[in-house]
Amino acid sequence: MGSDENILESRLVDSLSFVDLVYTIEAAADVEIDLDTIRISDFETISTIEKTFFSGSS
């Protein structure tokens with residue numbers, strides 16, 4: 001699996017594990033993700049997760 005493979009379309013992450021993914025990212029990146037304004041596109045690939053939450057610009 002490459003860092004640009006869509007983890008949602010490939011069903012690596014399903015709707016139930018998505019919430020766990022969000023909480024794991026919050027803990028690892030020391031950020032708070034607002035579930036009311038969440039953008040699914042920020043979670044589609046490992047690359048977009050890294051850019052969105054771990055680049056230091058969030």
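These are my notebook entries on helices, contacts, a salt bridge, a surface patch and backbone angles in a predicted model.

**Entry 1. Helix α1**

I began with α1, which spans residues 15–29. I checked its length: α1 has 15 residues and reaches 21 Å from its first C-alpha to its last. That is close to the 21 Å expected at 1.5 Å a residue.

Next I asked which residues of α1 are buried. I found Phe18, Leu21, Val22, Ile25, Glu26 and Ala29 to be buried. These residues cover an arc of only 135° around the axis, which puts them on the same side of α1. I noted that Glu26 is one of the buried residues.

I then turned to the face of α1 directed away from the buried side. That face carries the exposed residues Leu16, Asp20, Thr24, Ala27 and Ala28.

What covers the buried residues of α1? I recorded that the cover includes α2.

**Entry 2. Helix α2**

I looked up α2 next, which runs over residues 46–53. In α2, I listed Ser47, Ile49 and Phe53 as buried. Seen down the axis of α2, the buried residues fall within an arc of 165°, so they line one face of the helix. The cover over the buried residues of α2 includes α1. I had already noted the reverse, with α2 included in the cover over the buried residues of α1.

**Entry 3. The segment before α1 and its contacts**

I examined Ser3, which lies in the segment before α1. Ser3 is partly exposed, at a relative accessible area of 40%. Leaving aside neighbours within four places in sequence, I found Ser3 in contact with Thr45, Ile46 and Ser47. Of these contacts, Ser47 is among the buried residues of α2. I also took one distance from Ser3: Gly56 is 53 residues away in sequence and 19 Å away in space, C-alpha to C-alpha.

Asn6 is found in the segment before α1 as well. I recorded Asn6 as buried, with a relative accessible area of 15%. Not counting residues up to four places away in sequence, Asn6 touches Glu44 and Thr45. Asn6 and Ser41 are 35 residues apart in sequence, and I noted 9.8 Å between their C-alpha atoms.

**Entry 4. Thr45**

Since Thr45 appears in the contacts of Ser3 and in those of Asn6, I looked it up separately. Thr45 lies in the loop between α1 and α2. Is Thr45 buried or exposed? At 9% relative accessibility, I counted Thr45 as buried. With residues up to four places away in sequence left out, Thr45 touches Ser3, Asp4, Glu5 and Asn6. From Thr45 to Thr24, I noted 21 residues in sequence and 15 Å in space, C-alpha to C-alpha. Thr24 is one of the exposed residues on α1.

**Entry 5. The salt bridge**

How many salt bridges does the structure hold? I found one. The side chains of Arg39 and Asp42 meet in it, at 2.9 Å from N to O. As background, I noted that side chains of opposite charge can pair when their charged atoms come close. I then compared the exposure of the two partners. Arg39 is exposed, with a relative accessible area of 52%, whereas Asp42 counts as buried at 12%.

**Entry 6. A nonpolar surface patch**

I looked for nonpolar side chains on the surface. Met1, Leu12 and Ile46 form a nonpolar patch there, with about 320 Å² of accessible area together. Ile46 belongs to α2. I recorded Ile46 as partly exposed, with a relative accessible area of 41%; this is over the 30% that patch membership requires. Ile46 is also among the contacts of Ser3.

**Entry 7. Positive phi angles**

Lastly I looked up backbone angles. I kept in mind that most residues other than glycine have a negative phi.

Arg11 has a positive phi of about 65° although it is not a glycine. I placed Arg11 in the segment before α1. Arg11 is exposed, with a relative accessible area of 73%.

I noted a positive phi for Asp30 too, near 55°, again in a residue other than glycine. Asp30 lies in the loop between α1 and α2. At 71% relative accessibility, I counted Asp30 as exposed.

Note on methods. Residues are numbered from 1 along each chain as its sequence is written. This is a predicted model: local features need pLDDT of at least 70, side-chain atom pairs count only at pLDDT 80 or more; totals for chains, interfaces and linings use all residues. Side-chain values use heavy atoms; hydrogens and water are left out. Patches are made of residues with over 30% relative accessible area and no salt bridge: like charges are joined within 9 Å, nonpolar side chains (Val, Leu, Ile, Met, Phe, Trp, Tyr) within 5 Å. Accessible areas come from the Shrake-Rupley method with a 1.4 Å probe; for residues, only the protein chains shown count as cover. A salt bridge is a side-chain nitrogen of Lys or Arg within 4 Å of a carboxyl oxygen of Asp or Glu. Helices (H or I, at least four residues) and strands (E, at least two) are DSSP runs, numbered from the N terminus. Buried means under 20% relative accessible area, exposed over 50%, partly exposed in between (1.4 Å probe, protein chains only). The expected span of a helix is 1.5 Å times one less than its number of residues. The arc is that of the directions from the helix axis to the C-beta atoms. Contact means heavy atoms within 4.5 Å.
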